[in-house]
4 protein chains.
Amino acid sequence: MAIVEVSITPLGTASTSISAYVADCHRVLAGETAIRYQLTPMGTILEGDLDEILRVVRRMHEIPFARGALRVSTLVKIDDRRDTRATMTQKLSAVTEKLQAEEDSR
Amino acid sequence: MAIVEVSITPLGTASTSISAYVADCHRVLAGETAIRYQLTPMGTILEGDLDEILRVVRRMHEIPFARGALRVSTLVKIDDRRDTRATMTQKLSAVTEKLQAEEDSR
Amino acid sequence: MAIVEVSITPLGTASTSISAYVADCHRVLAGETAIRYQLTPMGTILEGDLDEILRVVRRMHEIPFARGALRVSTLVKIDDRRDTRATMTQKLSAVTEKLQAEEDSR
Amino acid sequence: MAIVEVSITPLGTASTSISAYVADCHRVLAGETAIRYQLTPMGTILEGDLDEILRVVRRMHEIPFARGALRVSTLVKIDDRRDTRATMTQKLSAVTEKLQAEEDSR
(Lines give C-alpha, C1' and ligand atoms only; values in the text may rest on other atoms or scores of the structure.)
Protein backbone atom coordinates (compact mmCIF):
# COMPACT_ATOMS: atom_id res chain seq x y z
CA MET A 1 0.00 0.00 0.00
CA ALA A 2 1.45 3.33 -1.05
CA ILE A 3 0.27 6.91 -1.06
CA VAL A 4 1.23 8.87 -4.15
CA GLU A 5 0.71 12.51 -5.06
CA VAL A 6 0.73 13.47 -8.69
CA SER A 7 0.46 16.77 -10.52
CA ILE A 8 0.45 16.95 -14.28
CA THR A 9 1.15 20.26 -15.99
CA PRO A 10 1.03 20.98 -19.73
CA LEU A 11 3.55 23.60 -20.89
CA GLY A 12 3.21 26.00 -23.80
CA THR A 13 -0.57 25.77 -23.99
CA ALA A 14 -1.33 29.49 -24.42
CA SER A 15 -3.85 29.45 -21.56
CA THR A 16 -2.84 29.62 -17.90
CA SER A 17 -5.81 27.46 -16.94
CA ILE A 18 -5.27 23.74 -16.49
CA SER A 19 -8.50 22.66 -14.80
CA ALA A 20 -9.82 21.00 -17.99
CA TYR A 21 -6.78 18.69 -18.02
CA VAL A 22 -7.26 17.89 -14.34
CA ALA A 23 -10.93 17.08 -14.91
CA ASP A 24 -9.94 14.65 -17.68
CA CYS A 25 -7.47 12.99 -15.34
CA HIS A 26 -10.22 12.49 -12.80
CA ARG A 27 -12.39 10.79 -15.40
CA VAL A 28 -9.56 8.26 -15.76
CA LEU A 29 -9.42 7.81 -12.00
CA ALA A 30 -13.18 7.42 -11.66
CA GLY A 31 -12.92 4.19 -13.68
CA GLU A 32 -10.30 2.70 -11.37
CA THR A 33 -11.98 0.73 -8.60
CA ALA A 34 -8.86 -0.44 -6.73
CA ILE A 35 -7.46 3.03 -6.15
CA ARG A 36 -8.75 5.58 -3.66
CA TYR A 37 -8.00 9.17 -4.55
CA GLN A 38 -8.66 12.73 -3.53
CA LEU A 39 -8.25 16.01 -5.35
CA THR A 40 -6.34 18.78 -3.58
CA PRO A 41 -5.71 22.37 -4.72
CA MET A 42 -2.18 21.28 -5.73
CA GLY A 43 -2.59 17.80 -7.16
CA THR A 44 -4.22 14.43 -6.77
CA ILE A 45 -3.42 11.97 -4.01
CA LEU A 46 -3.83 8.27 -4.73
CA GLU A 47 -3.82 5.35 -2.33
CA GLY A 48 -3.47 1.67 -3.23
CA ASP A 49 -1.06 -0.83 -4.67
CA LEU A 50 2.01 1.01 -5.94
CA ASP A 51 2.17 -0.77 -9.31
CA GLU A 52 -1.53 -0.13 -9.91
CA ILE A 53 -1.07 3.53 -9.04
CA LEU A 54 1.96 3.96 -11.29
CA ARG A 55 0.04 2.39 -14.16
CA VAL A 56 -2.75 4.93 -13.68
CA VAL A 57 -0.29 7.83 -13.30
CA ARG A 58 1.23 6.78 -16.62
CA ARG A 59 -2.21 7.04 -18.26
CA MET A 60 -2.92 10.39 -16.60
CA HIS A 61 0.39 11.72 -17.94
CA GLU A 62 -0.85 11.07 -21.50
CA ILE A 63 -4.02 13.12 -21.11
CA PRO A 64 -2.64 16.58 -21.87
CA PHE A 65 -0.97 15.17 -25.01
CA ALA A 66 -4.33 13.73 -26.07
CA ARG A 67 -5.74 17.26 -25.68
CA GLY A 68 -3.01 18.74 -27.89
CA ALA A 69 -0.24 19.69 -25.47
CA LEU A 70 3.30 19.18 -26.80
CA ARG A 71 5.16 19.24 -23.50
CA VAL A 72 4.04 17.88 -20.16
CA SER A 73 5.73 18.21 -16.79
CA THR A 74 4.61 15.57 -14.29
CA LEU A 75 5.60 15.44 -10.64
CA VAL A 76 5.10 12.20 -8.72
CA LYS A 77 5.82 11.83 -5.03
CA ILE A 78 5.63 8.35 -3.56
CA ASP A 79 5.29 7.67 0.15
CA ASP A 80 5.73 3.94 0.56
CA ARG A 81 5.67 2.61 4.09
CA ARG A 82 5.98 -1.10 4.79
CA ASP A 83 6.14 -1.29 8.57
CA THR A 84 2.46 -0.44 8.91
CA ARG A 85 -0.56 -0.20 6.63
CA ALA A 86 -0.67 3.55 6.10
CA THR A 87 -3.74 5.07 4.47
CA MET A 88 -4.49 8.69 3.61
CA THR A 89 -6.97 8.78 6.49
CA GLN A 90 -4.49 7.35 9.00
CA LYS A 91 -1.77 9.79 7.99
CA LEU A 92 -4.11 12.71 8.56
CA SER A 93 -5.51 11.41 11.83
CA ALA A 94 -2.02 10.72 13.25
CA VAL A 95 -1.39 14.45 13.02
CA THR A 96 -4.80 15.71 14.12
CA GLU A 97 -4.80 13.38 17.13
CA LYS A 98 -1.49 14.86 18.27
CA LEU A 99 -2.84 18.39 17.86
CA GLN A 100 -6.04 17.44 19.71
CA ALA A 101 -4.17 15.76 22.57
CA GLU A 102 -2.21 18.95 23.19
CA GLU A 103 -5.33 21.08 23.18
CA ASP A 104 -7.06 18.73 25.60
CA SER A 105 -4.15 18.89 28.03
CA ARG A 106 -4.27 22.66 28.31
CA MET B 1 -1.74 35.63 -3.84
CA ALA B 2 0.01 32.31 -4.19
CA ILE B 3 -0.76 28.72 -3.33
CA VAL B 4 2.17 26.77 -1.94
CA GLU B 5 2.50 23.13 -0.96
CA VAL B 6 5.18 22.18 1.50
CA SER B 7 6.35 18.88 2.92
CA ILE B 8 9.11 18.69 5.48
CA THR B 9 10.86 15.39 6.12
CA PRO B 10 13.52 14.67 8.75
CA LEU B 11 16.10 12.07 7.67
CA GLY B 12 18.04 9.68 9.90
CA THR B 13 15.57 9.89 12.80
CA ALA B 14 15.40 6.16 13.65
CA SER B 15 11.59 6.19 13.56
CA THR B 16 9.60 6.02 10.33
CA SER B 17 6.85 8.18 11.87
CA ILE B 18 6.89 11.90 11.16
CA SER B 19 3.45 12.97 12.41
CA ALA B 20 4.90 14.63 15.54
CA TYR B 21 6.97 16.94 13.31
CA VAL B 22 3.95 17.73 11.19
CA ALA B 23 1.88 18.53 14.28
CA ASP B 24 4.58 20.98 15.43
CA CYS B 25 4.53 22.64 12.02
CA HIS B 26 0.80 23.13 12.33
CA ARG B 27 1.24 24.82 15.69
CA VAL B 28 3.40 27.36 13.86
CA LEU B 29 0.73 27.81 11.21
CA ALA B 30 -2.07 28.20 13.76
CA GLY B 31 -0.42 31.42 14.92
CA GLU B 32 -0.36 32.91 11.43
CA THR B 33 -3.54 34.89 10.81
CA ALA B 34 -2.80 36.05 7.24
CA ILE B 35 -2.28 32.59 5.80
CA ARG B 36 -4.96 30.03 5.08
CA TYR B 37 -3.79 26.43 5.12
CA GLN B 38 -4.96 22.87 4.90
CA LEU B 39 -3.35 19.60 5.83
CA THR B 40 -3.36 16.84 3.22
CA PRO B 41 -2.08 13.25 3.54
CA MET B 42 1.05 14.34 1.61
CA GLY B 43 1.82 17.83 2.90
CA THR B 44 0.42 21.19 3.83
CA ILE B 45 -1.07 23.66 1.37
CA LEU B 46 -0.83 27.36 2.17
CA GLU B 47 -2.60 30.27 0.54
CA GLY B 48 -1.71 33.94 0.90
CA ASP B 49 0.97 36.47 0.11
CA LEU B 50 3.99 34.64 -1.29
CA ASP B 51 6.57 36.41 0.87
CA GLU B 52 4.51 35.77 4.01
CA ILE B 53 4.19 32.11 3.08
CA LEU B 54 7.90 31.67 2.37
CA ARG B 55 8.72 33.27 5.71
CA VAL B 56 6.48 30.70 7.45
CA VAL B 57 7.86 27.81 5.38
CA ARG B 58 11.34 28.88 6.50
CA ARG B 59 10.20 28.62 10.15
CA MET B 60 8.52 25.25 9.54
CA HIS B 61 11.75 23.92 8.02
CA GLU B 62 13.53 24.57 11.35
CA ILE B 63 11.09 22.52 13.40
CA PRO B 64 12.61 19.07 12.90
CA PHE B 65 16.04 20.49 13.80
CA ALA B 66 14.54 21.91 16.99
CA ARG B 67 13.31 18.39 17.76
CA GLY B 68 16.79 16.92 17.24
CA ALA B 69 16.89 15.98 13.57
CA LEU B 70 20.26 16.49 11.87
CA ARG B 71 19.10 16.43 8.27
CA VAL B 72 15.87 17.79 6.81
CA SER B 73 14.53 17.46 3.30
CA THR B 74 11.93 20.09 2.44
CA LEU B 75 9.93 20.22 -0.77
CA VAL B 76 8.16 23.45 -1.70
CA LYS B 77 5.93 23.82 -4.74
CA ILE B 78 4.71 27.30 -5.57
CA ASP B 79 1.74 27.96 -7.84
CA ASP B 80 1.72 31.71 -8.43
CA ARG B 81 -0.92 33.03 -10.79
CA ARG B 82 -1.23 36.74 -11.48
CA ASP B 83 -3.90 36.94 -14.16
CA THR B 84 -6.64 36.07 -11.69
CA ARG B 85 -7.00 35.83 -7.93
CA ALA B 86 -6.69 32.08 -7.49
CA THR B 87 -7.55 30.55 -4.14
CA MET B 88 -7.41 26.92 -3.00
CA THR B 89 -11.21 26.81 -3.12
CA GLN B 90 -11.39 28.26 -6.64
CA LYS B 91 -8.80 25.83 -7.97
CA LEU B 92 -10.79 22.89 -6.64
CA SER B 93 -14.16 24.19 -7.82
CA ALA B 94 -12.83 24.89 -11.35
CA VAL B 95 -12.23 21.15 -11.66
CA THR B 96 -15.34 19.89 -9.89
CA GLU B 97 -17.58 22.21 -11.93
CA LYS B 98 -16.17 20.75 -15.16
CA LEU B 99 -16.77 17.21 -13.89
CA GLN B 100 -20.30 18.15 -12.79
CA ALA B 101 -21.13 19.85 -16.10
CA GLU B 102 -20.27 16.68 -17.97
CA GLU B 103 -22.37 14.52 -15.69
CA ASP B 104 -25.32 16.88 -16.05
CA SER B 105 -25.12 16.74 -19.84
CA ARG B 106 -25.43 12.95 -19.95
CA MET C 1 12.07 10.49 -25.45
CA ALA C 2 11.67 11.87 -21.95
CA ILE C 3 13.98 13.29 -19.33
CA VAL C 4 13.20 12.20 -15.79
CA GLU C 5 14.76 13.19 -12.49
CA VAL C 6 14.43 10.84 -9.57
CA SER C 7 15.49 11.01 -5.95
CA ILE C 8 14.88 8.14 -3.57
CA THR C 9 15.07 8.75 0.16
CA PRO C 10 14.78 6.13 2.91
CA LEU C 11 13.14 7.43 6.11
CA GLY C 12 13.74 6.24 9.65
CA THR C 13 17.14 4.68 8.92
CA ALA C 14 18.99 6.07 11.96
CA SER C 15 21.83 7.41 9.80
CA THR C 16 21.61 10.72 7.94
CA SER C 17 23.79 9.33 5.14
CA ILE C 18 22.09 7.96 2.06
CA SER C 19 25.02 7.60 -0.37
CA ALA C 20 25.10 3.80 -0.02
CA TYR C 21 21.50 3.66 -1.27
CA VAL C 22 22.31 5.96 -4.17
CA ALA C 23 25.34 3.82 -5.11
CA ASP C 24 23.11 0.73 -5.21
CA CYS C 25 20.64 2.58 -7.46
CA HIS C 26 23.47 3.36 -9.85
CA ARG C 27 24.44 -0.30 -10.02
CA VAL C 28 20.90 -0.92 -11.30
CA LEU C 29 21.28 1.86 -13.86
CA ALA C 30 24.68 0.63 -15.04
CA GLY C 31 22.99 -2.52 -16.33
CA GLU C 32 20.47 -0.59 -18.42
CA THR C 33 21.83 -0.02 -21.89
CA ALA C 34 18.90 1.93 -23.37
CA ILE C 35 18.88 4.66 -20.74
CA ARG C 36 21.38 7.47 -20.43
CA TYR C 37 21.76 8.89 -16.94
CA GLN C 38 23.76 11.31 -14.88
CA LEU C 39 24.17 11.70 -11.15
CA THR C 40 23.68 15.18 -9.69
CA PRO C 41 24.12 16.34 -6.08
CA MET C 42 20.31 16.20 -5.71
CA GLY C 43 19.24 13.14 -7.66
CA THR C 44 19.67 11.15 -10.82
CA ILE C 45 18.56 12.32 -14.26
CA LEU C 46 17.56 9.71 -16.81
CA GLU C 47 16.98 10.08 -20.54
CA GLY C 48 15.25 7.61 -22.82
CA ASP C 49 11.92 6.00 -23.52
CA LEU C 50 9.48 7.00 -20.78
CA ASP C 51 8.14 3.50 -20.15
CA GLU C 52 11.66 2.09 -19.94
CA ILE C 53 12.64 4.81 -17.51
CA LEU C 54 9.59 4.30 -15.28
CA ARG C 55 10.31 0.58 -15.16
CA VAL C 56 13.84 1.33 -13.94
CA VAL C 57 12.63 3.96 -11.46
CA ARG C 58 10.29 1.34 -10.05
CA ARG C 59 13.27 -0.99 -9.48
CA MET C 60 15.35 1.80 -7.96
CA HIS C 61 12.52 2.55 -5.52
CA GLU C 62 12.81 -1.01 -4.14
CA ILE C 63 16.50 -0.72 -3.33
CA PRO C 64 16.27 0.94 0.09
CA PHE C 65 13.69 -1.68 1.13
CA ALA C 66 16.11 -4.42 0.04
CA ARG C 67 18.69 -2.78 2.32
CA GLY C 68 16.29 -2.81 5.28
CA ALA C 69 14.48 0.52 5.09
CA LEU C 70 10.80 0.43 6.10
CA ARG C 71 9.68 3.69 4.52
CA VAL C 72 10.86 5.24 1.27
CA SER C 73 10.01 8.62 -0.17
CA THR C 74 10.58 8.86 -3.92
CA LEU C 75 10.27 11.99 -6.00
CA VAL C 76 9.96 11.65 -9.77
CA LYS C 77 9.82 14.61 -12.13
CA ILE C 78 9.06 13.89 -15.76
CA ASP C 79 9.82 16.35 -18.56
CA ASP C 80 8.20 14.90 -21.66
CA ARG C 81 8.44 16.97 -24.81
CA ARG C 82 7.00 15.70 -28.09
CA ASP C 83 7.47 18.63 -30.46
CA THR C 84 11.20 18.08 -30.64
CA ARG C 85 13.68 15.39 -29.63
CA ALA C 86 14.98 16.86 -26.39
CA THR C 87 18.02 15.32 -24.77
CA MET C 88 19.78 16.26 -21.54
CA THR C 89 22.63 17.70 -23.61
CA GLN C 90 20.31 19.78 -25.78
CA LYS C 91 18.44 21.18 -22.79
CA LEU C 92 21.71 22.35 -21.25
CA SER C 93 23.14 23.76 -24.47
CA ALA C 94 19.92 25.70 -25.24
CA VAL C 95 20.58 27.67 -22.05
CA THR C 96 24.34 28.01 -22.32
CA GLU C 97 24.10 29.19 -25.95
CA LYS C 98 21.74 31.97 -24.87
CA LEU C 99 24.12 33.02 -22.10
CA GLN C 100 27.08 32.89 -24.51
CA ALA C 101 25.28 34.90 -27.19
CA GLU C 102 24.66 37.69 -24.72
CA GLU C 103 28.28 37.74 -23.61
CA ASP C 104 29.50 37.84 -27.21
CA SER C 105 27.27 40.82 -28.01
CA ARG C 106 28.79 42.99 -25.28
CA MET D 1 25.17 25.21 4.52
CA ALA D 2 22.34 23.84 2.43
CA ILE D 3 21.97 22.41 -1.03
CA VAL D 4 18.84 23.49 -2.87
CA GLU D 5 17.48 22.50 -6.25
CA VAL D 6 15.09 24.86 -7.98
CA SER D 7 13.14 24.67 -11.21
CA ILE D 8 10.99 27.54 -12.38
CA THR D 9 8.37 26.92 -15.05
CA PRO D 10 6.14 29.52 -16.70
CA LEU D 11 2.67 28.23 -17.66
CA GLY D 12 0.47 29.41 -20.50
CA THR D 13 3.30 30.97 -22.49
CA ALA D 14 2.34 29.60 -25.92
CA SER D 15 5.86 28.27 -26.52
CA THR D 16 7.09 24.97 -25.13
CA SER D 17 10.62 26.37 -24.84
CA ILE D 18 11.73 27.74 -21.49
CA SER D 19 15.49 28.09 -22.00
CA ALA D 20 15.29 31.90 -22.28
CA TYR D 21 13.76 32.05 -18.79
CA VAL D 22 16.45 29.76 -17.43
CA ALA D 23 19.19 31.89 -19.01
CA ASP D 24 17.73 34.97 -17.30
CA CYS D 25 17.73 33.14 -13.97
CA HIS D 26 21.40 32.36 -14.44
CA ARG D 27 22.17 36.03 -15.03
CA VAL D 28 20.71 36.63 -11.55
CA LEU D 29 22.87 33.86 -10.11
CA ALA D 30 26.03 35.10 -11.80
CA GLY D 31 25.81 38.26 -9.69
CA GLU D 32 25.66 36.31 -6.42
CA THR D 33 29.15 35.74 -5.06
CA ALA D 34 28.24 33.80 -1.90
CA ILE D 35 26.32 31.06 -3.68
CA ARG D 36 27.79 28.26 -5.74
CA TYR D 37 25.48 26.84 -8.38
CA GLN D 38 25.31 24.42 -11.25
CA LEU D 39 22.86 24.01 -14.08
CA THR D 40 21.46 20.54 -14.71
CA PRO D 41 19.11 19.37 -17.48
CA MET D 42 16.26 19.50 -14.94
CA GLY D 43 16.96 22.57 -12.81
CA THR D 44 19.58 24.56 -10.99
CA ILE D 45 21.35 23.38 -7.85
CA LEU D 46 22.55 26.01 -5.38
CA GLU D 47 24.88 25.63 -2.43
CA GLY D 48 25.39 28.11 0.38
CA ASP D 49 23.64 29.71 3.31
CA LEU D 50 19.97 28.70 3.24
CA ASP D 51 18.59 32.19 3.81
CA GLU D 52 20.82 33.61 1.08
CA ILE D 53 19.70 30.88 -1.29
CA LEU D 54 16.00 31.37 -0.55
CA ARG D 55 16.39 35.10 -1.15
CA VAL D 56 17.88 34.37 -4.58
CA VAL D 57 15.25 31.73 -5.38
CA ARG D 58 12.61 34.36 -4.59
CA ARG D 59 14.20 36.69 -7.17
CA MET D 60 14.50 33.91 -9.74
CA HIS D 61 10.80 33.13 -9.31
CA GLU D 62 9.96 36.69 -10.46
CA ILE D 63 11.88 36.41 -13.72
CA PRO D 64 9.22 34.74 -15.86
CA PHE D 65 6.69 37.35 -14.67
CA ALA D 66 9.13 40.10 -15.71
CA ARG D 67 9.19 38.47 -19.16
CA GLY D 68 5.38 38.49 -19.39
CA ALA D 69 4.32 35.14 -17.93
CA LEU D 70 1.08 35.22 -15.93
CA ARG D 71 1.50 31.97 -14.03
CA VAL D 72 4.67 30.42 -12.69
CA SER D 73 5.18 27.03 -11.10
CA THR D 74 8.33 26.81 -8.98
CA LEU D 75 9.66 23.69 -7.34
CA VAL D 76 12.23 24.03 -4.56
CA LYS D 77 13.88 21.06 -2.86
CA ILE D 78 16.03 21.79 0.15
CA ASP D 79 18.61 19.33 1.49
CA ASP D 80 19.80 20.79 4.78
CA ARG D 81 22.28 18.72 6.75
CA ARG D 82 23.70 19.99 10.01
CA ASP D 83 25.77 17.07 11.27
CA THR D 84 28.43 17.63 8.65
CA ARG D 85 29.36 20.33 6.16
CA ALA D 86 27.86 18.85 3.01
CA THR D 87 28.72 20.40 -0.34
CA MET D 88 27.54 19.47 -3.83
CA THR D 89 31.00 18.03 -4.51
CA GLN D 90 31.04 15.95 -1.33
CA LYS D 91 27.58 14.53 -1.99
CA LEU D 92 28.66 13.37 -5.43
CA SER D 93 32.00 11.97 -4.30
CA ALA D 94 30.39 10.03 -1.43
CA VAL D 95 28.50 8.06 -4.07
CA THR D 96 31.25 7.72 -6.66
CA GLU D 97 33.75 6.55 -4.02
CA LYS D 98 31.36 3.75 -3.02
CA LEU D 99 30.95 2.71 -6.66
CA GLN D 100 34.73 2.85 -7.20
CA ALA D 101 35.47 0.82 -4.07
CA GLU D 102 33.24 -1.99 -5.32
CA GLU D 103 34.87 -2.00 -8.72
CA ASP D 104 38.35 -2.10 -7.19
CA SER D 105 37.43 -5.09 -5.03
CA ARG D 106 36.43 -7.23 -8.00
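Two strands are said to pair if DSSP finds at least two bridges between them, and strands (E, at least two residues) and helices (H or I, at least four) are DSSP runs, numbered from the N terminus. In this sense A:Leu75 has C:Lys77 in β4(C) as its bridge partner. This is a predicted model, in which local features need pLDDT of at least 70 and side-chain atom pairs count only at pLDDT 80 or more, while totals for chains, interfaces and linings use all residues. Residues are numbered from 1 along each chain as its sequence is written, and chains are lettered from A and ligands numbered from 1 in the order in which they are written.

**The sheet shared by chains A and C**

β4(A) and β4(C) pair in the antiparallel sense over eleven bridges, and they belong to an open sheet of eight strands with antiparallel pairing, whose order is β2(A)-β3(A)-β1(A)-β4(A)-β4(C)-β1(C)-β3(C)-β2(C). At the edges stand β2 (36-40) of chain A and β2 (36-40) of chain C, each with a single partner strand, so one side of each is left without a neighbour in the sheet. From one strand to the next the twist averages 15°, where angles run from 0 to 180 degrees between N-to-C directions and axes are lines fitted to C-alpha atoms, for helices over the stretch in contact. Within chain C, strand β1 (residues 2-11) and strand β4 (residues 71-81) run antiparallel and are joined by ten bridges; one of the residues involved is C:Leu11, whose bridge partner in β4(C) is C:Arg71.

**Helices of chain A**

In chain A, helix α1 (residues 19-30) and helix α2 (residues 50-66) have axes that come within 9 Å and cross at roughly 145°. From α1(A), A:Tyr21, A:Asp24, A:Cys25, A:Val28 and A:Leu29 meet A:Val56, A:Arg59, A:Met60, A:Ile63 and A:Pro64 of α2(A), contact being counted if the C-beta atoms, placed from the backbone, lie within 7 Å. This contact comprises eight nonpolar, no polar and two charged residues. α2(A) also lies across β1 (2-11), β3 (43-48) and β4 (71-81) of chain A together with β4 of chain C, and it runs at about 10° to β1(A).

**Symmetry and interfaces**

Chain C superposes on chain A (RMSD 0.0 Å) by a rotation of 180° with 0.0 Å of shift along its axis, the fit being by least squares on the C-alpha atoms of residues with pLDDT of at least 70 in both copies. The two copies are thus related as by a two-fold rotation axis, and the C-alpha of chain C nearest that axis, 2.5 Å from it, belongs to C:Val76. Of the interface residues of chain C, 100% are also interface residues in chain A, so the copies meet through the same surface.

The table sets out the sides of chains B and C that touch chain A. Ala, Val, Leu, Ile, Met, Phe, Trp, Tyr, Cys and Pro count as nonpolar, Asp, Glu, Lys and Arg as charged, and the others, Gly among them, as polar.

| Contact with chain A | Residues in contact | Largest share | Classes |
|---|---|---|---|
| Chain B | 24 residues of chain B, 24 residues of chain A | α3(B), seven residues | 13 nonpolar, four polar, seven charged residues |
| Chain C | 18 residues of chain C, 18 residues of chain A | β4(C), eleven residues | seven nonpolar, three polar, eight charged residues |

On the side of chain B that touches chain A, the elements giving two or more residues are β1 (2-11), α1 (19-30), β2 (36-40), β4 (71-81) and α3 (88-104) of chain B.

Technical notes: Two residues are in contact if their C-beta atoms, placed from the backbone, lie within 7 Å.
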